[in-house]
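This briefing goes through one protein chain, from a single residue to the whole fold. Keep the sequence and the 3D view open while reading.

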Amino acid sequence: MAESKPTESALLASKICNQISSVFTAKSPNPAALDVLVQEIADAANRNGRVFLYGVGREGLMLKALSMRLFHLGLSAHCVFDMNTPPISPSDLLISSAGPGGFSTVDAISGVAKSSGARVLLLTAQPDSGSSMKYASVVAYIPAQTMADDNAGDGEKERPLLPMGSVYEGAMFVLFEMVVFKLGEILKQSPEAVRARHTNLE
């Protein structure tokens with residue numbers, strides 16, 4: 001019986017997953033983003049602080065997904081600009097993302113959080129530059145391609161598999177799943193307890 005060849009979908013999926021996976025095997029002098037996120041969120045929980053999250057575009061969508069899971073873990077998590085977002089205070093944590101190093105709205109939100117005494121965790125692929133760095137209490141470095149270095153328009157002959165900031169955004173999703181898994185252990189949240197907090201208004 002002839003061995004079946006992988007489908008185009010399987011080949012593309014493998015290439016995309018491998019490209020995102022390579023982000024987590026890259027050598028870096030910076031602390032692992034997983035460790036930074038888990039520590040900061042666990043510390044916020046231990047001081048009964050809330051977690052606020054903000055990002056733009058697809059980065060923002062990834063942070064909204066994380067916010068949902070943090071709520072499922074029993075934390076007080078809020079996406080900035082939601083109608084029921086409370087004021088931020090010194091015991092709280094803001095997690096913001098600026099893959100290319102800075103966005104005007106990320107700068108503004110992070111500045112308000114910092115001036116209010118809250119800790120600001122910045123996710124970025126550009127830890128040595130960018131306008132958002134000056135507001136960060138701590139940085140979680142994701143060594144992935146973003147809009148800042150995708151080289152679009154530089155005469156590339158081959159069409160990129162993951163264009164613009166897709167590698168960074170895909171890495172965010174994978175990173176956040178790891179964060180949720182680790183936090184579940186630290187916060188002693190059983191799968192049953194997590195599932196019980198899922199909405200039934202669907």
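Phenylalanine 81 is exposed, because its relative accessible area is 59%, and exposed means over 50%. The model is a predicted one. The points below start with the loop that holds phenylalanine 81, then turn to the helices and end with the chain as a whole.

**Loop residues with positive phi**

- Phenylalanine 81 sits in the loop that links strand E2 (77–79) and E3.
- The phi angle of phenylalanine 81 is positive, at about 85 degrees, although this residue is not a glycine.
- Asparagine 48 is another residue other than glycine with a positive phi, here near 60 degrees.
- The loop between helix H2 (33–46) and E1 is where asparagine 48 is found.
- Is asparagine 48 buried or exposed? Asparagine 48 has a relative accessible area of 71%, so it counts as exposed.
- Glycine 117 comes just after H4 and takes a positive phi of about 90 degrees.

**Helix H4 and its cover**

- Helix H4 spans residues 104–115, which makes twelve residues.
- From the first C-alpha of H4 to the last is 16 Å, close to the 16 Å expected at 1.5 Å a residue.
- Which residues of H4 are buried? They are Val106, Asp107, Ile109, Ser110, Gly111 and Ala113.
- In an α-helix there are 3.6 residues a turn, so residues three or four places apart point the same way.
- The cover over the buried residues of H4 includes three strands: E1 (51–54), E3 (93–97) and E4 (119–124).

**Histidine 72 in helix H3**

- Histidine 72 belongs to helix H3, which runs over residues 57–72.
- Histidine 72 has a relative accessible area of 3% and is therefore buried, since buried means under 20%.
- What does histidine 72 touch, leaving aside its neighbours within four places in sequence? Its contacts are Ala193, Val194, Arg197 and His198.

**Leucine 12 in helix H1**

- Leucine 12 is part of helix H1, residues 8–21.
- Leucine 12 counts as partly exposed, because its relative accessibility is 36%.
- Leucine 12 and histidine 198 are 186 residues apart in sequence. Their C-alpha atoms lie 32 Å apart in space.
- Histidine 198 also appears above, as one of the contacts of histidine 72.

**The chain as a whole**

- The protein chain has six helices and five strands.
- Read from the N terminus, the order of these elements is α-α-β-α-β-β-α-β-β-α-α.
- The radius of gyration is 18 Å, which agrees with the value near 17 Å for a compact globule of 202 residues.
- Along the principal axes, the C-alpha atoms fill a box of roughly 60 × 45 × 35 Å.
- Of the 202 residues, 39% are buried.
- Take the contacts between residues at least 6 apart in sequence: 72% of these join residues at least 24 apart.

**Surface and charge**

- The chain has an accessible surface of about 11600 Å². Carbon and sulfur atoms account for 56% of that surface.
- How many positive and negative side chains does the chain have? There are 17 positive and 20 negative ones.
- The centre of the positive set and the centre of the negative set lie 4 Å apart.

Key: Residues are numbered from 1 along each chain as its sequence is written. This is a predicted model: local features need pLDDT of at least 70, side-chain atom pairs count only at pLDDT 80 or more; totals for chains, interfaces and linings use all residues. Side-chain values use heavy atoms; hydrogens and water are left out. Helices (H or I, at least four residues) and strands (E, at least two) are DSSP runs, numbered from the N terminus. The radius of gyration is taken over C-alpha atoms; the globule rule is 2.2 Å times the number of residues to the power 0.38. Buried means under 20% relative accessible area, exposed over 50%, partly exposed in between (1.4 Å probe, protein chains only). Contact means heavy atoms within 4.5 Å. Accessible areas come from the Shrake-Rupley method with a 1.4 Å probe; for residues, only the protein chains shown count as cover. Lys and Arg count as positive and Asp and Glu as negative; His and the chain ends are not counted. The place of a charge is taken as NZ of Lys, CZ of Arg, CG of Asp or CD of Glu. The expected span of a helix is 1.5 Å times one less than its number of residues.
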